[in-house]
Each structure stands twice: as structure tokens, then as C-alpha cells.
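I opened this entry to keep track of what I looked up, residue by residue and then by element. The notes follow the order in which I checked things.

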Amino acid sequence: MTSTLSYRGHEAPSNSDEYSPKPEKPWSIIRPVDYLLREQRLLFIFIGIAIASMFFILQPGFFASNVDENARFVPDQHHRVVYETPLSRVAQYHSGSMVNSGAKVPLGLKRKSLRVVVTGGAGFVGSHLVDRLMARGDSVIVVDNFFTGRKENVLHHFGNPRFELIRHDVVEPLLLEVDQIYHLACPASPVHYKHNPVKTIKTNVVGTLNMLGLAKRVGARFLLTSTSEVYGDPLEHPQTEAYWGNVNPIGVRSCYDEGKRTAETLTMDYHRGANVEVRIARIFNTYGPRMCLDDGRVVSNFVAQALRKEPLTVYGDGKQTRSFQYVSDLVEGLMRLMEGEHVGPFNLGNPGEFTMLELAQVVKETIDPNAKIEFRPNTEDDPHKRKPDITKAKDLLGWQPKVSLRKGLPLMVEDFRRRVFGDEKDGSIKNKHTSLNDS
Ligand SMILES: NC(=O)c1ccc[n+]([C@@H]2O[C@H](COP(=O)([O-])OP(=O)(O)OC[C@H]3O[C@@H](n4cnc5c(N)ncnc54)[C@H](O)[C@@H]3O)[C@@H](O)[C@H]2O)c1
């Protein structure tokens, strides 16, 4: 047995078993094709490619080479879970058209709507802004303490799942997950902001700080509605954004003027120091439906007085000038500013300039040609001239007002007529007193 094995290992090969390699066949395309076609191999390859493609298309963020630790899966407006990165949110901001950035929403779904906070959203300007944002498909949270705002201004959105209303004073901190913050909360008319000047300053300073802190914390873009009052009684006419103003720091209007100037400073410091994306609008006199009745602002005063057959009260000699912009023009400007690339500040106003007497004349022509004018002593620190230079907004935002005073005024008169004589009369007056007492 042993000898047999050892013999085999050293067996001399016979001539007949001599190794001869197979002759190489010439390469031919037919062989691999033939291989693929056999046993339905091709079909399985196609199914594999299709499955892999679906996976990549539906979950692109999953394969990002540099996985972002701030990325998250979030429910969209259809309650489906989508993958969202801070970058995809920024891309949305910058797209202007607010089209989705791709990585966020599975194929075939509509863009994810933005979550927007509007502080002061139950007020005059805020409620018109809310209407536009809701119409665009965004989810809107109104934060308001109803000092001068009214639930009636946003009543038509109640019941819409994209709309929320929070009674909250912005001087207290608030945490909300949002993409954009329009910060409007602040009484705007002299009657209201002088009513409790310390509260007005607190709203402008502490309220703005709180909202900037929120913007920083959640990475939201922040827009401040500042005012032409930052120019005070201007020594330059018309006013450009480069003008630093002529403001009395200790006057009765200072709570508002200096409050807004400080709010601008805070906004820029959060931008420079904490990289918060900010926008600043300097709003000039605006009018339109839903303004408070009798709030001391000249257009609402004249309209309400003319409707009630009372004399139109003109302060001083009536030669001081103002420019008046219709609210839809302002809202368009605010939204362009928020979606655009420029921080500002931007003047948003109508450069058409009217003296108080000219305005009274337009109101008379629109409502009651027989209305009388009554002169009263001028109020302290009332600016003599106010007219925006809007070159910057025209050039960088592509914005300019479209509605003239003679076109806009009748729209406001219609709303005021309904509120002065109609069902809302009691509600609006009650609301006004409640607001004043609440502050
Ligand atoms: N309308 C104008 O002509 C004009 C001009 C310049 C600037 N602005 C600015 O635009 C913004 C809106 O003005 P508006 O005309 O709609 O005034 P408005 O008084 O009608 O609206 C202000 C809103 O802010 C709310 N509010 C006030 N204090 C608050 C607080 N502490 N917390 C929460 N909510 C608060 C009010 O209840 C109201 O709903 C203001 O910031 C104002 O300074 C307006």
C-alpha cells in the first residue's frame, strides 16, 4: 500500500496524458451576449438597476458624502416624513420663487411650505401680510397681544390648518420652529405708542431682542419693520437710507423713534455678531382697510371724520408734507425684501408727496365735498417733511408702489364705511378701549 502511494507520487507521465493547453478561441461579442440572454439574466439586471435608481431618487440625502448632523427627518404639510438639511432650507430661501431645493421633498410632491411667524399679525399691516403668505401656501403663526390688533382682522383664516394665532406679548421669550420671522409687533400710531411710552420702548428693545434670539436659535431669517421716524424731523429731503436722521432723544415721540433706531441696531449686531440673516424695512406712512379707526394717523382720522360728517382736523398750518402708500404695495415690498439677498435698510413708501391740506382735499372729493376743515395747534416734534427716496428699493428689489392715493383711498373708505356704520361698529370701538386698557 505504502509502496503504491509513493510510486504514484513519482509516476512518470505517459506520452498519451501529456498536458496540452486549450487552443485560445478568438474573442467574439456573441459569447457574452449569449451568456446574458440565457436564463433571463438580462431581466434580473434591469430589475436591479430600477430598484437602485428608485432608492437614490427617493432618499438622496441619505447618501450625501458629508452627512450633516443638523439634518433631520421632518413631517411635511401632508404629514409625510421628508429629509431636510439646513442647506436645503437655505436653498429654499435663496430660490426667491420658494421652489423646493430637491433634497427635501420626495419626487412627485409639491414644495414644502415655509413656516412663518408674523409678530403683530393681527394688526393693520400684519393682517394683510398674513393674507399674502397664506395665499402663497405657507404655514403662518401670528403672535400678537391684541394691544392694537384685532382678531377680526384674521378671522377669515380661523379653521385653516396652516394658520395659528397665539396671544403672546413679544417682551416675553417664545420658542417656535420656523423658517422666517416678520417682526411687526409694535404700536404704530402716535395715540397708541404714546399711551404707554415705557411699554413701547420695551416692545421695541426687549421684544426685538427676543425675536432675534429666536431667529438665531432656529436659524430663521428675520425681518424688522422699522420706520421713517428714524429720520426724525429730517434735514435732508427726500430721505435716502444713508441719512442718519435728526431725532429728538428726549421728546414725547422718542419712545417710538429711538425704540425703532435701537431695534435696527440690535438687528445689525445680531447679523454681524451672530450671522443671523436679517432684513430691515423703513416704512413710510401706509394706509388701507383694517387701520384702527381714530388712531390719530392722518388718513384714518380724515376718513373717519368725513364719514361721520365731522370737521377734518388739521394740525398746524397744514403745509407739512407726507407720502402715503397703499398697504398692498407695502406688503409686496416686505415680501420681496424677505426673499431677496439684501439686508437693507430699504425705504418702503410712496414718493408722491401731499401736504395735509391737499390730503384733506382728496378725502373731501372722495367722501364728502362739503366737509369742513378745522385747524388745531401742532403736536410736539411733528416732522415738517417726509418723502422717501426709493431708488435703492427700485434697483435692488425691483419694487415700486403701484397704487395712487386717488385709487387706494376709495378702497379704504369702503372698509371704514362698513365699520363706522355697519355691524362691526360696536366691536371695533370696544376693541379699541380694551386694547388701551390692556397695555
Ligand atoms: N402703518 C404705518 O404707516 C407704519 C409706518 C411705519 C412703520 N410701521 C411699522 O409697521 C408695523 C405694523 O404697523 P401697523 O400699522 O400694522 O400697526 P398696528 O398697531 O395696526 O399693528 C401692530 C400690531 O402689533 C401688536 N403688538 C403691539 N405690541 C405688541 C407686543 N408687545 N407683543 C405682541 N404684539 C404686539 C398689536 O396688537 C398690533 O396687532 C409696526 O412695527 C410699525 O412700527 C407702520
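I started with the contacts of Val-178, setting aside neighbours within four places in sequence. Val-178 is in contact with Arg-115, Val-116, Val-117, Ile-141, Val-218 and Ala-220. I took the distance to one of these partners: the C-alpha atoms of Val-178 and Val-116 are separated by 5.8 Å, with the two positions 62 residues apart along the chain. Val-178 sits in the loop that runs between β5 (163–167) and β6 (180–183). Is Val-178 buried or exposed? I counted 19 other C-beta atoms within 10 Å of Val-178, so I entered it as partly exposed, since buried would need 20 or more.

The model is a predicted one, and I read local features with that in mind.

Next I looked up Val-191, which lies in helix α6 (residues 190–195). With neighbours within four places in sequence left aside, I found Val-191 in contact with Asp-295 and Gly-296. I also noted Arg-297, 106 residues away along the chain, whose C-alpha atom is 8.2 Å from that of Val-191. Val-191 has 16 other C-beta atoms within 10 Å and is therefore partly exposed.

**Chain totals**

I then took the totals. The protein chain has 14 helices and 15 strands. Of its 439 residues, 37% are buried. For contacts with a separation of 6 or more, I noted that 75% are between residues 24 or more positions apart.

**Ligand shell**

How many residues surround the ligand? I found 28, and the closest are Gly-120, Gly-123, Thr-148, Gly-149 and Ala-188. I sorted the shell by class and got 13 nonpolar, 13 polar and two charged residues. By element, at least two shell residues each come from α5 (124–136), α7 (197–218) and β7 (221–227). The largest share is that of α5, with three residues.

**Helix pair α9 and α13**

I described this pair by angle and distance, as is done for two packed helices. Helix α9 (residues 298–307) packs against helix α13 (residues 405–421) at an angle of about 55°, and their axes are 10 Å apart. That angle makes α9 oblique to α13. I recorded the crossing of α9 and α13 as right-handed. On the α9 side the contact is made by Val-303, Ala-304 and Leu-307. On the α13 side it is made by Met-412, Val-413, Phe-416, Arg-417 and Val-420. The residues of this contact are seven nonpolar, no polar and one charged.

Residues three or four places apart in an α-helix point the same way, because there are 3.6 residues a turn. I kept that in mind when reading the contact list.

**Helix α2**

I checked burial along helix α2 (residues 30–37). None of its eight residues is buried, so α2 lies largely in the open. Just after α2, I found Glu-39 with a positive phi of about 55°.

**Other positive phi values**

Arg-290 has phi near 75°, which is positive in a residue other than glycine. I placed Arg-290 in the loop between β9 (286–287) and α9. Its burial was my next check: Arg-290 has 23 other C-beta atoms within 10 Å and is therefore buried.

Lys-309 is also a residue other than glycine with a positive phi, near 60°. Lys-309 is in the loop between α9 and β10 (312–315). Is Lys-309 buried or exposed? I counted 11 other C-beta atoms within 10 Å of Lys-309, so I entered it as exposed, the limit for that class being 12 or fewer.

**Cis peptide bonds**

Which residues does the cis peptide bond with omega of about -10° join? The bond joins His-237 and Pro-238. Pro-238 is in the loop between β7 and α8 (254–274). I noted a cis peptide bond between Gly-344 and Pro-345 too, with omega about 5°. Pro-345 is in the loop between α10 (327–339) and β13 (346–348).

Technical notes: Residues are numbered from 1 along each chain as its sequence is written. This is a predicted model: local features need pLDDT of at least 70, side-chain atom pairs count only at pLDDT 80 or more; totals for chains, interfaces and linings use all residues. A residue is near a molecule or strand if its C-beta atom, placed from the backbone, lies within 6 Å of it. Helices (H or I, at least four residues) and strands (E, at least two) are DSSP runs, numbered from the N terminus. Ala, Val, Leu, Ile, Met, Phe, Trp, Tyr, Cys and Pro count as nonpolar, Asp, Glu, Lys and Arg as charged, and the others, Gly among them, as polar. Axes are lines fitted to C-alpha atoms, for helices over the stretch in contact, and angles run from 0 to 180 degrees between N-to-C directions. Angles under 35 degrees count as roughly parallel, over 145 as roughly antiparallel, 65 to 115 as roughly perpendicular and the rest as oblique. A crossing is left-handed if the near helix is turned anticlockwise from the far one by less than a right angle, and right-handed if clockwise. Two residues are in contact if their C-beta atoms, placed from the backbone, lie within 7 Å.
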